[in-house]
2 protein chains.
Amino acid sequence: MIKLAIALLLLTTFCGAQSPSAFAPASTNVWGAEYPRVSADGRAEFRVKAPDALKLQVNFWGAAKLEMVKGADGYWTATSAPLVPGFHYYTLIIDGAEISDPGSHSFFGGGKDASGIEIPEQSSPYYLPQDVPHGNVREEWYFSKVTGSWRHALIYTPPGYDTHPGKKYPVLYLQHGGGEDETGWVKQGHANFILDNLIASGNTKPMIVVMAYGYARRAGHADPDLTGKPFGSPEMMKAMQDMSQTFEDDVTQALIPYVDSHYLTLADRDHRAMAGLSMGGMQTFQVTFDHLDLFSYIGGFSGAAGQLVLGNRSLDPKTDFQGALANPAAFAKRVHLLWLGVGTDEPERMKAGIEKIHSSLDEAKIKHVFYESPGTSHEWQTWRRDLRDFAPRLFQ
Amino acid sequence: MIKLAIALLLLTTFCGAQSPSAFAPASTNVWGAEYPRVSADGRAEFRVKAPDALKLQVNFWGAAKLEMVKGADGYWTATSAPLVPGFHYYTLIIDGAEISDPGSHSFFGGGKDASGIEIPEQSSPYYLPQDVPHGNVREEWYFSKVTGSWRHALIYTPPGYDTHPGKKYPVLYLQHGGGEDETGWVKQGHANFILDNLIASGNTKPMIVVMAYGYARRAGHADPDLTGKPFGSPEMMKAMQDMSQTFEDDVTQALIPYVDSHYLTLADRDHRAMAGLSMGGMQTFQVTFDHLDLFSYIGGFSGAAGQLVLGNRSLDPKTDFQGALANPAAFAKRVHLLWLGVGTDEPERMKAGIEKIHSSLDEAKIKHVFYESPGTSHEWQTWRRDLRDFAPRLFQ
C-alpha cells in the first residue's frame with residue numbers, strides 16, 4: 001500500500017496535464033484522467049472503459065442523449081457537437097443504470113453527486129482564479145432552533161477581511177437551485193472567484209456572501225405523507241408552503257442572527273442583499289418581500305416570484321407582496337435594487353415566466369433591472385453572468 | 001423546470017430520512033436515497049437500478065468483491081457481512097466499468113471521486129457533530145512561487161477564533177494520503193468535528209489545523225517522461241524525490257509563511273506540529289526532520305519514514321535524519337512529541353514497516369508514542385482515532 005500510494009502520487013501528478021492533440025482534458029476532470037477532453041470549439045470527447053457493457057450513452061441534462069460506440073479495446077467513446085461554454089451537468093447511462101463518469105469530478109445537482117464538465121469561454125476569464133487578492137470560503141455549522149438541527153452554510157469573506165479587523169462589510173445571501181445544495185455557488189458557480197475579480201477591478205464593494213442550504217424541515221414536525229398525492233395536489237402545495245415558510249424562518253431567525261453575531265457585518269437592511277437562482281430566486285422573493293425591514297437589494301436569477309410565491313397566477317403589482325409594489329416611487333426609495341435575469345435560450349416556459357414579471361413591473365412603472373444572458377439556457381453560465389452584473393450594483 | 005425544481009425539493013427533503021426496517025439509509029447517502037442501507041450490526045445493503053446490465057459487483061477497496069443479484073424489477077441488490085465501523089471507500093463494477101454508486105456521496109480517494117459508506121460506531125461519537133461550539137473550515141488559495149501556481153488548502157479555525165481577535169493559536173499541519181487530496185481530513189476524517197469535541201472536553205488546546213494539497217510540481221519544470229520505466233526504477237525514484245522535495249519547499253517556503261501572515265498564529269517551532277496519514281506520514285517525517293527549526297511535534301499515522309525518506313532500508317537512529325536522533329536526551333528535549341500509529345488489522349507489510357521503526361526507536365531509547373488502533377486496517381477509522389490520541393498531546 002505504501003508502494004501503491006507512491007505510484008498513485010506519481011501517476012496522478014505527472015500524467016494528463018497536457019494533450020498533444022486539439023483536444024485537452026477538461027478542467028473538471030479528476031487527476032490524470034485524459035477523458036473527457038474538450039476541443040477549442042467546445043466539443044467534448046468522452047471515453048469510458050466498460051468491456052462487457054451492451055449500451056452506453058452520455059446524458060446531458062435537458063438535451064438529447066449521445067450514443068457511445070464500443071472499440072475493440074473495451075473502451076466506449078463519443079464526441080459531442082460544440083457545447084455552449086460554461087458548466088454542464090451530465091451522467092452516463094450504462095445498460096440502464098444512470099451513473100457518474102469516473103473521469104470527472106462530481107458536483108451536487110439533481111439531488112445527487114453528478115458529473116460536470118467545464119467548456120472554457122476563451123475570452124472571458126471573469127470566473128477563473130486570476131492573479132488578484134483572494135477572499136476565502138468558510139464552512140459554518142450553525143444550530144437552528146427553527147429546524148432543531150445543525151445546518152451548514154458556506155461563507156465567502158473578501159480579501160483583507162482578516163487583516164482589517166476594524167472594518168465591517170455588507171452581506172449578500174446567495175441561494176442555489178432546486179436539487180442543488182450550498183456547495184453549488186462555489187463549486188459550479190465559482191462565486192468566490194467572480195467576487196475576487198470584481199472587487200479587484202474596483203467597481204464592486206467588498207462584501208460577505210452567505211450561501212446556505214436551501215431546504216428546511218420544522219423542528220418536531222414529521223414528514224408529510226405524500227404517497228399517492230399528485231403534483232400540485234392540495235397536500236403537496238401545503239407541504240411546499242410549510243417547507244418554504246420554514247426556510248424563511250430559518251434565514252431570518254437563525255441564519256442572519258448567526259452571521260451578524262459571528263462576522264464583521266453591517267447589520268442593517270441598507271447593507272443586506274439576497275439573490276438566488278431558479279428555486280433560490282423564488283425563495284429570495286418570498287424571504288425579502290416578507291422582510292423588507294431586513295433587505296433592500298433583491299435578485300432573481302432565472303427564478304423570481306413564480307409558483308412558490310404567487311401560485312399559478314401573474315404578478316399583480318397593486319396587491320401582491322403586501323402592497324410593497326403599489327406605489328412605484330415609494331418602492332424605488334425603499335428597495336435599492338430589484339433585479340431579474342434570464343438566459344435567452346432557456347426553455348420557453350421558464351423564459352416566459354420571468355419575462356411576464358418583467359413586463360408587469362414595466363407596465364406598473366416599477367424600477368428594476370432586467371438582464372438577458374445571450375445564448376445560454378437554465379445553466380450555471382447564465383447565473384455566473386447574473387452575479388457579474390448583479391454584484392457591482394450592490395451597496396453603492 | 002420550475003415544477004421540476006419544486007418536485008425535487010420535496011422529494012429530496014421529505015423522503016429517506018427514516019426506514020422502518022432494521023436497515024437505515026447510510027449517513028453518506030445523497031438525499032432521498034434509500035440505498036445503501038446499514039444495519040445495527042454493520043451490514044450494508046446495496047441496491048442499484050441497471051435493468052440491462054449483465055453483471056454487477058460491489059468493490060470494497062482491498063477486500064473481496066461482493067456479487068449483486070438482479071431482481072425482476074431491474075434492480076440489483078447485495079448485502080455485505082458486518083463491516084468494521086467507520087468510513088469505507090467503494091465502487092461498483094457494472095459490466096466491466098468501475099463507477100460510483102449514484103446513491104452515495106463521492107469522496108476523493110484513489111485519484112477520483114469514489115463512493116463512500118459510513119458504518120456507525122454506536123458507542124463512539126467523538127467524530128460526529130455534537131452540541132458544542134464549532135470551529136469553521138476555510139478554503140484558502142495561496143500563490144506558491146515554488147510551484148508557480150495557485151494552491152488550495154483547507155484551514156480549520158477553532159471556536160472563538162473570530163471573537164477573540166487578540167488571541168494567537170498554535171498550528172497543526174495535517175496531511176492526507178496518496179490518491180486523496182486536501183478535502184479528505186474534513187470529508188472522510190471529520191477532523192473539524194474531532195477537534196471541536198476534543199477542545200470542548202477541555203483536554204485539547206484550541207489550535208489551527210492546516211490541510212494542504214500534498215502534491216507539487218516545481219515551477220518551470222516539465223513532467224518527467226516515465227514511459228516504460230518500471231516501479232522503483234532510478235528514473236521513477238528520481239521523479240519521486242523531486243516531487244517530494246518540491247512539496248517540502250512549498251510547505252516551508254510558501255504555505256507556512258502564508259498561514260503565519262494571514263492567521264493569528266503563534267509562529268514558532270514550539271507551536272507548530274505536523275502529522276499525516278500514509279503518504280502524508282512519510283511527507284511529515286521528511287518535512288519535519290529537514291526543518292526541526294520549524295517543527296517540534298511530529299505524527300506518522302500508518303506511515304512514517306518509509307521508502308520516501310529512507311529508501312528500502314531500516315531506520316538507523318545514529319545516522320538518519322542528519323543525526324537528529326543520535327542523542328536521545330537531546331532529541332527528547334528538542335522534539336516535544338514523536339508519535340507513530342498503526343491499525344492492528346493493517347496489511348502485514350504495512351504494519352511491519354511501522355513496527356520496525358517503533359522497535360528501532362525503542363532500542364535506541366528514543367522517546368516516542370506508539371499507538372495501535374484495535375481492529376482497524378489502513379482506513380479512516382484508524383486515522384480518526386490517531387487524531388483523537390495525537391491532538392490532546394500537542395502544545396501542552
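This is a short dialogue on how to read some features of this structure.

User: What kind of model is this, and how are its parts labelled?

Analyst: This is a predicted model, in which local features need pLDDT of at least 70, side-chain atom pairs count only at pLDDT 80 or more, and totals for chains, interfaces and linings use all residues. Residues are numbered from 1 along each chain as its sequence is written, chains are lettered from A and ligands numbered from 1 in the order in which they are written, and side-chain values use heavy atoms, with hydrogens and water left out.

User: What pLDDT does chain A average, and where does pLDDT stay under 50?

Analyst: pLDDT is the predictor's confidence in each residue, from 0 to 100, and where it is low, the predicted coordinates should not be read in detail. Chain A averages a pLDDT of 90, and 92% of its residues score at least 70. Over residues 1-21 of chain A, however, pLDDT stays under 50. The model as a whole scores ipTM 0.80 and pTM 0.87.

User: How many helices and strands does chain A have?

Analyst: Helices (H or I, at least four residues) and strands (E, at least two) are DSSP runs, numbered from the N terminus, and chain A has 9 helices and 19 strands. The radius of gyration, taken over C-alpha atoms, is set against a globule rule of 2.2 Å times the number of residues to the power 0.38. For chain A the radius of gyration is 22 Å, close to the 21 Å that the rule gives for 396 residues, so chain A is as compact as a globular protein of that length.

User: Is Thr382(A) buried or exposed?

Analyst: Buried means under 20% relative accessible area, exposed over 50%, and partly exposed in between (1.4 Å probe, protein chains only). Of the 396 residues of chain A, 59% count as buried. Thr382(A), which lies in helix α9 (residues 380-390) of chain A, is buried, with a relative accessible area of 0%. Contact means heavy atoms within 4.5 Å; not counting residues up to four places away in sequence, Thr382(A) touches residues including Ser302(A), Val342(A) and Glu346(A).

User: How many residues of helix α9 of chain B are buried?

Analyst: In helix α9 (residues 380-390) of chain B, 9 of the 11 residues are buried, so the helix is largely enclosed by the rest of the structure. Among the buried residues of α9(B) are Trp380(B), Trp383(B), Arg384(B) and Phe390(B).
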